[in-house]
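Let's walk through this fold together, beginning inside and working outwards. Keep the viewer open as you read.

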Amino acid sequence: MADVVRLSFHSLRFSSSLLNSFASSLNSLRPGLLSIQKTDKRVYPLLYSSAGDLTRFDFRPRKQPVSFKVHATVAETDQPKWWEKNAPNMVDIHSTQEFLSALSQAGDRLVIVEFYGTWCASCRALFPKLRRTAEELPEIVFLKVNFDENKPMCKSLNVKVLPYFHFYRGADGQLESFSCSLAKFQKIRDAIITHNTDRCSIGPPKGVGDLKLELSLAPKNRAAESTSA
């Protein structure tokens with residue numbers, strides 16, 4: 001009966017040169033097999049299993065799945081909305097009184113009124129080009145009327161589509177009105193060429209449709225009226 005030889009775990013250690021020599025011999029015997037890489041020069045303890053196979057302990061740490069949560073924060077910016085990016089000669093109108101006052105203060109200058117909606121895609125597409133035109137023509141006053149903020153006034157001025165434009169000038173009152181899109185922007189340029197000419201108007205500004213200009217009397221006129229009474 002064959003003797004059973006028990007080998008201690010600590011007694012079985014092989015150097016890296018012995019392992020490399022064993023690998024070379026194995027590759028020469030079986031050329032069809034993949035060659036054993038020689039990059040690992042670390043020495044590992046070996047032991048025999050119950051089946052007589054030679055196994056090696058692998059002391060490399062196992063990669064544990066790492067779970068973490070990413071909290072994305074959205075920084076609030078103070079960037080202006082597209083309809084707030086005005087040129088210096090653009091004025092936002094918030095009421096009928098502001099509209100009438102702006103027309104009165106414009107005097108003999110050409111006034112272009114844009115009726116728009118913040119939700120209107122066509123208004124948004126046209127606005128950058130309108131702003132550049134305003135920057136190129138600082139002598140013209142551009143008034144911007146938000147449709148949702150001024151629905152009664154827009155109804156009185158017969159604004160039914162957006163974007164919509166009115167042209168005014170001093171005593172001549174309203175000169176022209178039409179709807180326009182980005183594809184037809186040349187229509188606005190043509191109207192500017194027609195109405196933005198050098199001239200002098202005689203008389204006070206006219207009313208605007210059903211709206212009336214509320215011009216305040218000067219103090220001396222009021223004093224004259226009280227004296228005559």
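The largest nonpolar core of this predicted model has 22 residues, and those with the most contacts inside it are Ile112, Phe165, Phe167 and Ile188. Strand S4, helix H3, strand S6 and helix H5 each supply at least two residues of this core. Helix H3 gives the most, with 5 residues. If you would like one side chain to centre your view on, try Phe167: leaving aside residues up to four places away in sequence, Phe167 touches Leu110, Val111, Ile112, Gly173, Gln174, Leu175, Glu176, Phe178, Ile188, Ala191, Ile192 and His195. Apart from this core lies another one, of 18 residues, among them Ala106, Val145, Met153 and Tyr168.

Now let's turn to the sheet. It is an open sheet of 5 strands in the order S3-S5-S4-S6-S7, and its pairing is mixed. Strands S3 (90-93) and S7 (173-179) stand at the edges with a single partner strand each, so one side of each is left without a neighbour in the sheet. From one strand to the next, the twist averages 20°.

Start at the S3 edge. Here S3 and S5 (residues 141-146) run parallel and are joined by 4 bridges; Met90 has Phe142 of S5 as its bridge partner. Helix H2 (residues 96-106) packs on the sheet, where it touches S3, S4 (110-116), S5 and S6 (164-169), and its direction makes about 175° with that of S5. Helix H5 (residues 186-195) also packs on the sheet, touching S4, S6 and S7, and its direction makes about 165° with that of S7.

Moving along the sheet, S4 and S6 pair in the antiparallel sense over 6 bridges, with Val111 and Tyr168 as bridge partners. S6 and S7 are likewise antiparallel, over 6 bridges, and here Phe165 stands opposite Phe178 in S7. In the hairpin of S6 and S7, 3 residues lie between the strands, and Gly170 takes a positive phi near 40°.

How many of the residues of S6 are buried? The count is 6 of the 6, so S6 is largely enclosed by the rest of the structure. A general point helps in reading this strand: side chains in a regular strand alternate between the two faces of the sheet. In S6, Tyr164, His166 and Tyr168 are on one side, Phe165, Phe167 and Arg169 are on the other, and all are buried, leaving both faces covered. The two cores described above can be picked up again here, as Phe165 and Phe167 are among the residues with the most contacts inside the largest core, while Tyr168 belongs to the other core.

Helix H5 offers another view of burial. Which of its residues are buried? They are Ile188, Ala191, Ile192 and His195. These residues cover an arc of only 105° around the axis, which puts them on the same side of H5. On the other side of H5, Ile193 and Thr194 are exposed. What covers the buried residues of H5 includes S4, H3 (121-136), S6 and S7.

To finish, look at the charged pairs. A search of the whole structure finds 2 salt bridges. In one of them, Lys144 pairs with Asp92, and their closest N and O atoms are 3.2 Å apart. This pair links distant parts of the chain, with Lys144 in S5 and Asp92 in S3, 52 residues apart. Lys144 is buried, at a relative accessible area of 2%, whereas Asp92 counts as partly exposed at 27% relative accessibility.

Arg169 forms a salt bridge with Asp108, where the closest N and O atoms are 3.8 Å apart. Arg169 lies in S6 and Asp108 in the loop between H2 and S4, so the pair ties together parts that are 61 residues apart in sequence. Arg169 is buried, with a relative accessible area of 6%, and Asp108, at 26% relative accessibility, counts as partly exposed.

Definitions and conventions:
Residues numbered from 1 in each chain as written. Predicted model: local features only at pLDDT ≥ 70, side-chain atom pairs only at ≥ 80, totals over all residues. Heavy atoms only, no water. Pairing = 2+ DSSP bridges. Axes fitted to C-alpha atoms, helices over the stretch in contact; angles between N-to-C directions. Contact = heavy atoms within 4.5 Å. Buried < 20%, exposed > 50% of the residue type's maximum accessible area, 1.4 Å probe, protein only. Arc of directions from axis to C-beta. Salt bridge = Lys/Arg side-chain N within 4 Å of Asp/Glu carboxyl O. Core = buried A, V, L, I, M, F, W, Y, C linked by side-chain atoms within 4.5 Å.
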